[in-house]
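Hi,

Here is the structure I said I would pass on. Have a look at it first, and then read on for what turned up.

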Amino acid sequence: MSGLIFDLQTFGKRLRQVRDAHGWTQTMLADTMGVGQGWISKLERGSQSHMQADTVVRLCVALDVSADYLLGLSDTPRRAPVALGGGG
């Protein structure tokens, strides 16, 4: 496997769709994430090529969406429920 495993344009398009569905502006998401609005704009345009894994996780938590969806690996936007606590 060579190159990126996900398409930056798809990531940006899906990020914007989910943000819009929440009724959030780029500034609102940026404030929630503790980043600048311009950075969110670059993500949505697919021009921000460097991103840490924890950033993807923080976006997913803030927007209640799966990482697989944002990364274009799934067409299901909702995160699967996570069972917390010890097993029986």
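**A network of salt bridges**

Arg16, Arg19, Asp20 and Glu44 are joined to one another in a network of salt bridges. Before you go further, please keep in mind that this is a predicted model.

Let's start with Arg19, since two of the pairs I looked at involve it. One partner is Glu44, and here the closest N and O atoms are 2.5 Å apart. Glu44 sits in helix α3 (residues 37-45) while Arg19 belongs to helix α1, so this pair ties together parts that are 25 residues apart in sequence. Are these two buried or exposed? Both Glu44 and Arg19 are buried. For Arg19, the relative accessibility is 6%, and buried means under 20%.

The other partner is Asp20, whose side chain meets that of Arg19 in a salt bridge at 3.3 Å, N to O. Asp20 comes out as partly exposed, because its relative accessibility is 41%, and that class lies between the 20% limit for buried and the 50% limit for exposed.

As a reminder of the background, side chains of opposite charge can pair when their charged atoms come close.

**Another pair to look at**

How many salt bridges does a search of the whole structure find? The count is 4. There is one between Asp75 and Arg14, with 2.7 Å between the closest N and O atoms. Which parts does this pair tie together? Asp75 lies in the segment after α5 (67-70) and Arg14 in helix α1 (residues 8-21), so the two joined parts are 61 residues apart in sequence. The two ends of this bridge fall into opposite classes: Asp75 is exposed, with a relative accessible area of 64%, whereas Arg14 is buried, at 13%.

**And a buried alanine**

Finally, take a look at Ala30, which is found in helix α2 (residues 26-33). Ala30 counts as buried because its relative accessibility is 1%, and the cut-off for buried is under 20%. What does Ala30 touch, leaving aside residues up to four places away in sequence? The contacts are Val35, Gly36, Gln37 and Ile40. Ile40 sits 10 residues from Ala30 along the chain, and the C-alpha atoms of the two are separated by 6.4 Å.

If you open the model, I would begin with Glu44 and Arg19, the buried pair, and then turn to Asp75 and Arg14.

Cheers

Methods
Residues numbered from 1 in each chain as written. Predicted model: local features only at pLDDT ≥ 70, side-chain atom pairs only at ≥ 80, totals over all residues. Heavy atoms only, no water. Helix = DSSP H or I, 4+ residues; strand = E, 2+ residues; numbered from the N terminus. Buried < 20%, exposed > 50% of the residue type's maximum accessible area, 1.4 Å probe, protein only. Contact = heavy atoms within 4.5 Å.
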